Amino acid sequence: MLLIGFDTDHKPRLFLTEPSGIDSEWHANAIGRGAKTVREFLEKSWADGLDQNDAIKLAVQALLEVVQTGANSMEIAVMTADSRVTYVPVEQIQTIIETIEKEKQAEAELRRTGGAATTTTA
């Protein structure tokens, strides 16, 4: 089970508890089917100091590692220091997915062209 909240200094805390009673603190984690793949992605991609938008984008990128059906099969919630929980709208998730796909295409184009920039004119 993942437990989330804020300490008395309003710093976010995330704990993973095991059925055996063992708990561990994480910056980011996942549970359920595909958790190992998501966890490995988060360990590789996590950076301290992410703002809320970057954290949401990272969550979407992590979920895309195991989900191929897009925004309709993702549900992302954000908890703020005042303990409010809001869900990210599906439309926002879809926009993030489109941005990620464009970034991947641009990276692939850079690799294909050996890093040379290409321009087009209308």
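The following dialogue works through a predicted model, setting values against the definitions behind them.

Student: Why is Thr17 called buried or exposed, whichever applies?

Tutor: Thr17, which is found in strand β2, has a relative accessible area of 19%. Buried means under 20%, so Thr17 counts as buried. Leaving aside its neighbours within four places in sequence, Thr17 is in contact with Met1, Leu3, Ile22 and Asp23.

Student: What makes Arg13 buried, partly exposed or exposed?

Tutor: Arg13 also lies in strand β2, and its relative accessibility is 30%. Since buried means under 20% and exposed over 50%, with partly exposed in between, Arg13 is therefore classed as partly exposed. Beyond the neighbours within four places in sequence, Arg13 is in contact with Leu3, Ile4, Gly5, Asp7 and Glu25. Arg13 and Leu3 are 10 residues apart in sequence, and their C-alpha atoms are 8.1 Å apart in space.

Student: How do you know that β1 and β2 pair, and in which sense?

Tutor: Two strands pair if at least two bridges are found between them; β1 and strand β2 (residues 12-17) have 5 bridges, in the antiparallel sense, so the criterion is met. Leu3, for instance, has Phe15 in β2 as its bridge partner.

Student: What makes β2 and β3 a pair as well?

Tutor: The pairing rests on 4 bridges, again in the antiparallel sense, where at least two are needed. One of the bridge partnerships joins Leu14 to Trp26 in β3. The hairpin of β2 and β3 has 5 residues between the strands, and there Gly21 takes a positive phi near 100°.

Student: Why are β1 and β3 said to stand at the edges of the sheet?

Tutor: The 3 strands form an open sheet in the order β1-β2-β3, with antiparallel pairing. β1 (2-6) and β3 (23-26) each have a single partner strand, so one side of each is left without a neighbour in the sheet. Neighbouring strands of this sheet are turned by 25° against each other on average, direction ignored.

Student: How do you know that the span of helix α3 agrees with what its number of residues leads one to expect?

Tutor: The expected span is 1.5 Å times one less than the number of residues, and for the 23 residues of α3 (residues 90-112) this gives 33 Å; the end C-alpha atoms are 33 Å apart, so the two values agree. Within α3, Ile93, Ile96, Ile97 and Ile100 are buried, and what covers the buried residues of α3 includes α2 (52-64). Just after α3, Gly114 takes a positive phi of about 75°.

Student: What span does α2 have, and which of its residues are buried?

Tutor: α2 has 13 residues and reaches 18 Å from its first C-alpha to its last, close to the 18 Å expected. Its buried residues are Ile56, Leu58, Val60, Ala62 and Leu64, and their cover includes α1, β4 and α3.

Student: Which element gives the most to the lining of the largest pocket?

Tutor: α2 gives the most, with 7 residues. The largest pocket has a volume of about 1500 Å³ and is lined by 41 residues, of which Leu14, His27, Ala28, Ala59 and Ala77 lie nearest its centre. At least two residues of the lining come from each of β1, β2, β3, α1 (35-45), α2 and β4 (77-79).

How values were computed. Residues numbered from 1 in each chain as written. Predicted model: local features only at pLDDT ≥ 70, side-chain atom pairs only at ≥ 80, totals over all residues. Heavy atoms only, no water. Buried < 20%, exposed > 50% of the residue type's maximum accessible area, 1.4 Å probe, protein only. Contact = heavy atoms within 4.5 Å. Axes fitted to C-alpha atoms, helices over the stretch in contact; angles between N-to-C directions. 1 Å grid on protein atoms, 1.4 Å probe; cavity = no way out; pocket = protein on both sides within 12 Å on 5 of 7 lines; lining within 4 Å. Points joined across faces, edges and corners; volume = space filled by probe spheres on them.
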